[in-house]
Amino acid sequence: MDYDRVREVDPSVADALDGELDRQRETLMMIASENHVSEAVMEAQSSELTNKYAEGYPGERYYGGCEYADDVEGLAIDRAKELWGAEYVNVQPHSGSQANMGVYLAVLDPGDKILSLDLTHGGHLSHGHPKNFAGQVYEVENYEADPETGYIDYEALADHAEAFEPDMIVSGYSAYPREVEWERIQDTAESVGAYHLADIAHITGLVAAGIHPSPVGITDFVTGSTHKTIRSGRGGIIMSSDEHADAIDSAIIPGMQGGPLMHNIAGKAVGFGEALDPEFEAYAQQVVDNAAALGDRLAEHGLSLVSGGTDTHLVLVDLRDSHPDTTGKEVEEALEEAGIVLNANTVPGETRSPFVASGIRAGTPGLTTRGFDEDACQEVADCIARVVDAPDDESVREEVAADVDALTDRHPLYE
Ligand SMILES: Cc1ncc(COP(=O)(O)O)c(C=O)c1O
């Protein structure tokens, strides 16, 4: 991509855009929630649909001139239904967080109770953190992952639900490396008369490809981001049975949004179309195989993985056993200098502040998009382990940066 027209009118922004393109080409994107979408998705996202107001839904808009907006939204909806097998789909949420807000608004009243995973155990802000709207509007309590095993403590969750009597249980997580047992949580939700929202923001692509069990048809609601493992236009999505369609439609508009971001919905349609190609299943399987290879090699280097491994696109390393004096933040910063971009993350039973944290989270969706296989991911694990062992050693960071250059040269991006 070049930004010649931006450069003509705004060289400062063009410099930043060029810088970002180079950054993505020259570093390893290992933030588990990120991916590199196709140039077709980016082209759709920068289309003239950015100019269009299309409040309402296909065939029932509050503005004229919506025929192409209708086409694009209809395609996104139909493809999403085919990908995830949902009866009802809303592709208008501006993000995964907005999708969650839409579900809450659709069926909860202010003051209702939400039971969700603690943020430091892998939950998300929009599941009811006190600083998030959900934590301010609803009464929220948290369940946890077992600090010994790293797995969701399903029994404790059930006991907690019985005592707290929530109106909504939220499952689906930001930093959880294992398969989620949707049925088990659904049984708990049914036993206490709560709705169950499965937020598959991170694993939308794995679920679409059949690599991770799907909550669709099991839980009352499924939400997600559309730019993570599913690699489509940036935004959110809500799925449910037809029973909740009207409530969700009106929670999104007029409840919480105005005009949908039609250009992003075009990006969703294109990305969903790409994900319907059989090649996407191979991609999603490779994402998971790569994460397993990455995790195995990190463990060979003596690093502890939360839950002992991964079933998904990410690994969560707990530094406390192997490197008790090293924080996640130090490792994140040292790795970034060496060209590996991931994030410090809290771990179950965290003892440090979330800002410094005792763990690092590493994902493989971005690497897999640019063609990394298991061998390449093991090389990446070797690089990470060298920096974890010596985060303050400049010569180690330089050596690793040279290895990262070789890896990115072997797997070029956006040529
Ligand atoms: C579980 C979960 N839900 C929701 C979100 C929010 O998604 P978005 O950034 O699209 O609002 C995230 C973001 O990573 C997430 O991990």
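## A guided tour of the model

Start by selecting residues 7-384, the stretch that the unreviewed UniProt entry annotates as "domain: Serine hydroxymethyltransferase-like". Keep in mind as you click around that this is a predicted model. Helix makes up 43% of the span and strand 15%. If you show the C-alpha atoms at the two ends of residues 7-384, you will find them 37 Å apart.

**Stop one: a pair of helices**

Next, colour helix H4 (residues 67-84) and helix H11 (residues 262-276). Their axes are 8 Å apart and pack at an angle of about 35°. Turn the view to follow the crossing, in which H4 passes H11 in a left-handed sense. Now bring up the side chains where the two helices meet. From H4, the residues to pick include Val72, Leu75, Ala76, Arg79 and Leu83, and among their counterparts in H11 are Ile265, Ala269, Phe272 and Leu276. What classes of residue make up this contact of H4 with H11? The tally is 15 nonpolar, one polar and three charged residues.

**Stop two: aromatic rings**

The model has eight aromatic pairs. Select Tyr104 and Tyr138 for one that is edge-to-face, with 5.7 Å centre to centre and 70° between the planes. Tyr104 belongs to helix H5 (residues 96-107), while Tyr138 sits in the loop between helix H6 (133-137) and strand E6 (139-143). The two are 34 residues apart, and the pair links distant parts of the chain. Both tyrosines, Tyr104 and Tyr138, are buried. Add Phe133 to your selection and you have an aromatic cluster of Tyr104, Phe133 and Tyr138.

**Stop three: His196**

Move on to strand E8 (residues 195-199) and pick out His196. Is His196 buried or exposed? Its relative accessible area is 0%, so His196 counts as buried. To see what surrounds His196, leave aside the neighbours within four places in sequence and show its contacts: Met168, Ile169, Ser171, Trp182, Ile185, Gln186, Ala189, Thr219, Asp220 and Phe221.

**Stop four: Gly224**

Finish in strand E9 (residues 221-225), where Gly224 is found. Gly224 is buried because its relative accessible area is 0%, under the 20% cut-off. Draw a distance from the C-alpha atom of Gly224 to that of Ala198 and you should read 8.6 Å, although these residues are 26 apart along the chain. Not counting residues up to four places away in sequence, Gly224 touches Gly96, Ala99, Asp199, Ile200, Ala201, Thr204, Gly235, Gly236 and Ile237.

How values were computed. Residues numbered from 1 in each chain as written. Predicted model: local features only at pLDDT ≥ 70, side-chain atom pairs only at ≥ 80, totals over all residues. Heavy atoms only, no water. Helix = DSSP H or I, 4+ residues; strand = E, 2+ residues; numbered from the N terminus. Buried < 20%, exposed > 50% of the residue type's maximum accessible area, 1.4 Å probe, protein only. Contact = heavy atoms within 4.5 Å. Axes fitted to C-alpha atoms, helices over the stretch in contact; angles between N-to-C directions. Left-handed = near helix turned anticlockwise from the far one by under 90°. Nonpolar A, V, L, I, M, F, W, Y, C, P; charged D, E, K, R; others polar. UniProt positions renumbered as here; feature names shortened; annotations may be inferred. Phe/Tyr/Trp six-rings, centres within 6.5 Å; stacked < 30°, edge-to-face > 60°.
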